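Subject: Structure for you to look at, with notes

Dear colleague,

Please find below the structure I said I would pass on to you. My notes on what was found in it follow, and I would be glad if you read them with the model open beside you.

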Amino acid sequence: MTIEEIRKLNDQDLADKVLELKAELLNFRFQAKAGQLDNGKKMTQVRKDIARLLTVKNERQSSK
């Protein structure tokens with residue numbers, strides 16, 4: 001996700017997307033531990049997306 005796409009989301013969609021990505025990251029961690037993860041870059045990308053989402057969320061809370 002790009003930062004422009006993230007900024008277009010409303011607060012509820014932002015929170016839902018964070019939960020979805022955290023669940024996906026947990027799944028990737030299990031796959032990595034079991035040796036079934038094909039592409040480790042996916043984990044990195046999901047972690048970065050979560051960080052972007054949380055950054056925008058915190059920016060919105062700070063501006064209120």
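In what follows, contact means heavy atoms within 4.5 Å. With that cut-off, and leaving aside neighbours within four places in sequence, Asp 49 is in contact with Met 1 and Leu 21. Please bear in mind throughout that this is a predicted model.

To begin with the overall picture, the secondary structure of the protein chain comes to three helices and zero strands, so that reading from the N terminus gives the order α-α-α. Taken along the principal axes, the C-alpha atoms fill a box of roughly 45 × 15 × 15 Å. The chain has 64 residues, of which 19% count as buried, and about 4,800 Å² of surface is exposed, with carbon and sulfur atoms supplying 50% of that area. Among the contacts between residues at least 6 apart in sequence, 64% join residues at least 24 apart.

The interior comes next. The largest nonpolar core has eleven residues, namely Ile 6, Leu 14, Val 18, Leu 21, Leu 25, Phe 28, Met 43, Val 46, Ile 50, Leu 53 and Val 56, and the elements that give two or more residues to this core are α2 and α3. Val 46, which is one of the core residues, touches Leu 21, Glu 24, Leu 25 and Phe 28 when residues up to four places away in sequence are not counted.

Turning to charge, the protein chain carries 14 positive and 10 negative charges, and the mean positions of the two sets are 6 Å apart. Side chains of opposite charge can pair when their charged atoms come close. How many salt bridges does the count come to? The count comes to four, and three of these are described below, beginning with a pair that links distant parts of the chain.

In that pair, Arg 7 forms a salt bridge with Glu 59, the closest N and O atoms being 2.8 Å apart. Arg 7 belongs to helix α1 (residues 3–8) and Glu 59 to helix α3, with their positions 52 residues apart in sequence. Both partners are partly exposed, Arg 7 with a relative accessible area of 45% and Glu 59 at 37% relative accessibility.

The pair of Lys 17 and Glu 20 lies within one helix, α2, where the two residues are three residues apart and therefore separated by about one helical turn. Their closest N and O atoms are 3.5 Å apart in the salt bridge. Lys 17 counts as partly exposed because its relative accessibility is 22%, just as Glu 20 counts as partly exposed at 44%. The helix that holds Lys 17, α2, spans residues 11–34. Beyond its neighbours within four places in sequence, Lys 17 is in contact with Met 1 and Leu 53; Lys 17 and Leu 53 are 36 residues apart in sequence, yet 8.0 Å apart in space from C-alpha to C-alpha.

The side chains of Asp 49 and Arg 52 meet in a salt bridge as well, at 2.7 Å from N to O. Both residues lie in helix α3, three residues apart, which is about one turn of the helix, and that helix covers residues 41–63. Is Asp 49 buried or exposed? Since buried means under 20% relative accessible area, Asp 49 is buried, because its value is 7%, whereas Arg 52 counts as partly exposed at 28% relative accessibility.

Met 1 deserves a last look, as it recurs in these notes: Met 1 is in contact with Asp 49 and also with Lys 17. For Lys 48, what I can give you is a distance to Met 1, the two being 47 residues apart in sequence and 9.4 Å apart in space, again from C-alpha to C-alpha. Lys 48 is found in helix α3 and is partly exposed, with a relative accessible area of 46%.

With best wishes

Conventions: Residues are numbered from 1 along each chain as its sequence is written. This is a predicted model: local features need pLDDT of at least 70, side-chain atom pairs count only at pLDDT 80 or more; totals for chains, interfaces and linings use all residues. Side-chain values use heavy atoms; hydrogens and water are left out. Helices (H or I, at least four residues) and strands (E, at least two) are DSSP runs, numbered from the N terminus. Buried means under 20% relative accessible area, exposed over 50%, partly exposed in between (1.4 Å probe, protein chains only). Accessible areas come from the Shrake-Rupley method with a 1.4 Å probe; for residues, only the protein chains shown count as cover. Lys and Arg count as positive and Asp and Glu as negative; His and the chain ends are not counted. The place of a charge is taken as NZ of Lys, CZ of Arg, CG of Asp or CD of Glu. A nonpolar core is a set of buried Ala, Val, Leu, Ile, Met, Phe, Trp, Tyr and Cys residues joined through side-chain atoms within 4.5 Å.
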